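Hi everyone, thanks for having me. Please open the model on your screens, and we'll walk through it together.

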Amino acid sequence: MTTTQLSHRLGGPSSAPTLRVSGPAELLNALPYVIGFHPHDSLVLVGLEGTKVIVTARLDLTEVTGRQGSLDDTLTAMRNGGASLFVAAVYDDATPPSEELVEQVVLAASLADCEIADVLYVALGRWWSLGCDNEGCCDAEGRELSAVTSRLHAE
């Protein structure tokens, strides 16, 4: 299991707390705190440099679906900011992401000379890894977001 560091600067390098996140469930639980609100009908991109989160972005799903421009521009800007590996999270309580949307995200990352580590889907308090084919760890029913430890919330 990979541990990712989320850092947020609050006034300079000496006061930069580090939040340690282990796995996709903890990352998804941390994202509302990182971006400042609970996303809905959104694509959230988490840009990594190694195991450290260095940049995040949120796009409305209506801005992404079938429209390559805003996604391309966002990933290019994030790549220019130092990210080369991404986790994409699709938040949509109404409809799971289409294969077309997932392919669009992967293609845009490739065009920006980046890689997508995983595409996660979040709906109704549950999450799925769209890049996982192993039913032993990625149940068709998804996993509860609340199943993570409260350490994340305490930190």
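**A short tour of the model**

Let's start with a pair of side chains: the side chain of S129 and the side chain of D118 make a polar contact, at 2.6 Å. Keep in mind that what you're looking at is a predicted model.

Where does S129 sit? You'll find S129 in strand β7, which covers residues 126-129. Is S129 buried or exposed? Its relative accessible area is 12%, and because buried means under 20%, S129 counts as buried. Setting aside residues up to four places away in sequence, S129 touches D118, V119, L120 and C138. So D118 turns up here too, among the residues that S129 touches.

Now for the inside. The largest nonpolar core has 23 residues, and those with the most contacts inside it are L43, L45, L71, L75, F86, V90 and V105. Which elements supply at least two residues each of this core? They are strands β3 (42-49), β4 (52-60), β5 (85-91) and β6 (115-123), together with helices α2 (61-64), α3 (68-80) and α4 (99-111).

Pick V105 if you'd like to look around from one spot. Leaving out neighbours within four places in sequence, V105 is in contact with L43, L71, L75, A88 and I116. There is also a second, separate core, with 18 residues, including L27, L31, I35 and L48.

That takes us to helix α1, residues 24-35. Here's a nice check you can do yourselves. Its 12 residues, at 1.5 Å a residue, should span 16 Å, because the expected span uses one less than the number of residues. The C-alpha atoms at its ends are 16 Å apart, so the two agree.

How many residues of α1 are buried? The count is 9 of 12, so this helix is mostly covered. Among the buried ones are A25, L28, A30 and P32, along with E26 and N29. Just after α1 comes G36, with a positive phi near 95°.

Last stop: E115, which is in strand β6. Its relative accessible area is 52%, and since exposed means over 50%, E115 is exposed. Which residues does E115 touch, not counting those up to four places away in sequence? They are S84, L85 and F86. S84 is 31 residues from E115 along the chain, yet their C-alpha atoms are separated by 6.4 Å.

To recap with our two main residues: S129 is buried, whereas E115 is exposed. Thanks for listening!

Conventions
Residues are numbered from 1 along each chain as its sequence is written. This is a predicted model: local features need pLDDT of at least 70, side-chain atom pairs count only at pLDDT 80 or more; totals for chains, interfaces and linings use all residues. Side-chain values use heavy atoms; hydrogens and water are left out. Helices (H or I, at least four residues) and strands (E, at least two) are DSSP runs, numbered from the N terminus. Buried means under 20% relative accessible area, exposed over 50%, partly exposed in between (1.4 Å probe, protein chains only). A polar contact is a pair of N or O atoms within 3.5 Å; within protein, one must be able to donate a hydrogen and the other to accept it, and residues adjacent in sequence count only if both atoms are side-chain atoms. Contact means heavy atoms within 4.5 Å. A nonpolar core is a set of buried Ala, Val, Leu, Ile, Met, Phe, Trp, Tyr and Cys residues joined through side-chain atoms within 4.5 Å.
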